Amino acid sequence: MPRVKQICCIGAGYVGGPTCAVIALKCPHIRVTIVDLNQARIDAWNSPDFNLPIYEPGLEDVVRQARGRNLFFSTDVDKGIRDADLIFVSVNTPTKKSGVGAGFAADLNYVELATRRIAATATSSKIVVEKSTVPCRTAESMRTILDANSKPNARFDILSNPEFLAEGTAIDDLFAPDRVLIGSLQTQEGKEACAALSEVYQNWVPKERILTVGLWSSELSKLAANAMLAQRISSVNALSAICEATGANIAEVAHSIGQDSRIGPKFLRASVGFGGSCFQKDILNLVYLSESLNLKEVAEYWKQVVTMNEYQKRRFSKRVVDTLFNTITGKRIAVLGFAFKADTGDTRESAAITLIRDFQQERALVNIYDPQVESNQIWADLNEASPDVPLETIQRQVTICSSALEACKNAEAVVIATEWAEFKTIDWQAVYAGMNKPAFVFDGRLLVDADKLRSIGFKVTVIGRGERL
């Protein structure tokens, strides 16, 4: 079995950066180099003040311990490939925006470019590991490219090692994973490559938590896991609509069903909708895969999970308009939170983007506060959400604020879009004093004490909670 002494990770983003930083920390005998063509991103990873390009609790501490010892960040992709025994391919696989499968299929352009770069550069045999979330049988395409373009004496074994990280808890997830999944071809060479990667993880992960399966099962398992989790969220959000119509309380309903050991309590928290880089993308990928296999009913089943998520966002923004006397034109709405969830700066597919776009279309004025998301990211996301509206027009309607209190000043309503812990401890008495009356709070994350806010004077609307007694 080959021993892994040097690892290269192609892609210094949300997956490759934290994953390989933890590998370097836990495996001081292995040299880990993370490479990326984006100079600004690599500069941020190497910044003297550790102003890292992504926010993740605990990540800075990991990088501080390992960087310069056996963890390195570089734009020299070719050297990283040549020196490595094992290469993680951890590049972006966004949903295609045009061409065949647009809106559903994964765009594998970056995966193919990385694979071709490996084939062109490698002068010795390598283990190549899919870390990106990819459609089933992508490894087959990678193998075809590598075999067709490889140099003499350079052979490649391909593994699938999908990540199961939750943003906001990624470092904890890496330190103590539920499982590490490694897929390989069931050949002697494939099993030896699988054992080599397994040995790396065994430096800190118990062997019984490392699952070795077939290559195609591993690829599909990642899509399936995210689809099942998103399905739970859409299911509880569908129930939240029934709760609002009947006077039931979704928090009580979710707690009740979560006590059933067959169901369990996780991912049963109603909200304004799921976001992030994975759930929607992976479900749409599964839909496209099902359709391409002529499994129409299967595709329709999974598509409904995304349909329900979009419905939940539309339903929430409509409830804001309806409650504010059927018009928010010229009214100021404070949106607290822009990241798709707490404890991350990631805004991809964030529900806040959809809500703010809806409020803009109703000609409201919007104040935004988020403790982690940079202003330029907010403007880029809002501009992409409304491509026909000039950025200057958006900036006349939207103001980015430096605190929750500032965002709420002179507002008609407060919308809680992200479950940041600090929103629980806001001085709501001061917020109320600075708002126009009547002052409304719309809690899209089941975060605040509604009764306490009502005692201050707020009109409070909580997602999944009906007003009937």
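This briefing describes selected features of a predicted model, grouped by topic. Local features are reported where pLDDT is at least 70 and side-chain atom pairs at pLDDT 80 or more, whereas totals for chains, interfaces and linings use all residues. Residues are numbered from 1 along each chain as its sequence is written, and side-chain values use heavy atoms, with hydrogens and water left out. The structure contains an open sheet of six strands, zero disulfides and 23 salt bridges.

**Sheet and packing**

- The six strands of the open sheet follow the order 11-10-9-12-13-14, with parallel pairing; helices (H or I, at least four residues) and strands (E, at least two) are DSSP runs numbered from the N terminus, and two strands pair if DSSP finds at least two bridges between them.
- Strand 11 (398-400) and strand 14 (459-462) are the edge strands, each pairing on one side only.
- On average, neighbouring strands of this sheet are turned by 20° against each other, direction ignored; axes are lines fitted to C-alpha atoms, for helices over the stretch in contact, and angles run from 0 to 180 degrees between N-to-C directions.
- Strand 9 (residues 332-336) is joined to strand 10 (residues 365-369) by five bridges, and the two run parallel; isoleucine 333 stands opposite valine 366 in strand 10.
- Helix 14 (residues 375-385) packs on the sheet and touches strand 10 and strand 11, its direction making about 160° with that of strand 11; contact means heavy atoms within 4.5 Å.
- Strand 13 (residues 440-443) is joined to strand 14 by four bridges, also in parallel, with aspartate 443 having valine 462 as its bridge partner in strand 14.
- The β-α-β crossover from strand 13 through helix 18 to strand 14 is right-handed, a term for a path that runs clockwise from the first strand over the helix to the second when the strands point away from the viewer.

**Buried residues**

- In helix 1 (residues 16-26), 10 of the 11 residues are buried, where buried means under 20% relative accessible area, exposed over 50% and partly exposed in between (1.4 Å probe, protein chains only).
- Phenylalanine 458 lies in the loop between helix 18 (450-456) and strand 14 and is buried at 3% relative accessibility.
- Leaving aside neighbours within four places in sequence, the contacts of phenylalanine 458 include Trp428, Val431, Tyr432 and Leu453.
- Glutamine 280, in helix 11 (residues 279-292), is buried with a relative accessible area of 14%.

**Cysteines**

- No disulfide is present, the term meaning a pair of cysteine sulfur atoms within 2.5 Å.
- The sulfur of cysteine 8 is too far for a bond, because the closest cysteine sulfur, in cysteine 9, is 7.0 Å away; cysteine 8 is buried at 0% relative accessibility.
- Cysteine 408 is likewise in no disulfide, the nearest cysteine sulfur being that of cysteine 401 at 8.6 Å.

**Salt bridges**

- The search of the whole structure finds 23 salt bridges, each a side-chain nitrogen of Lys or Arg within 4 Å of a carboxyl oxygen of Asp or Glu.
- Aspartate 260 and arginine 262 form a salt bridge (2.7 Å, N to O); aspartate 260 is partly exposed at 23%, whereas arginine 262 is exposed at 73%.
- Glutamate 291 and lysine 303 form a salt bridge with their closest N and O atoms 3.6 Å apart, linking helix 11 to helix 12 (residues 296-323).
- Within helix 18, arginine 454 and aspartate 451 lie three residues apart, about one turn of the helix, and their side chains meet in a salt bridge (3.5 Å, N to O).
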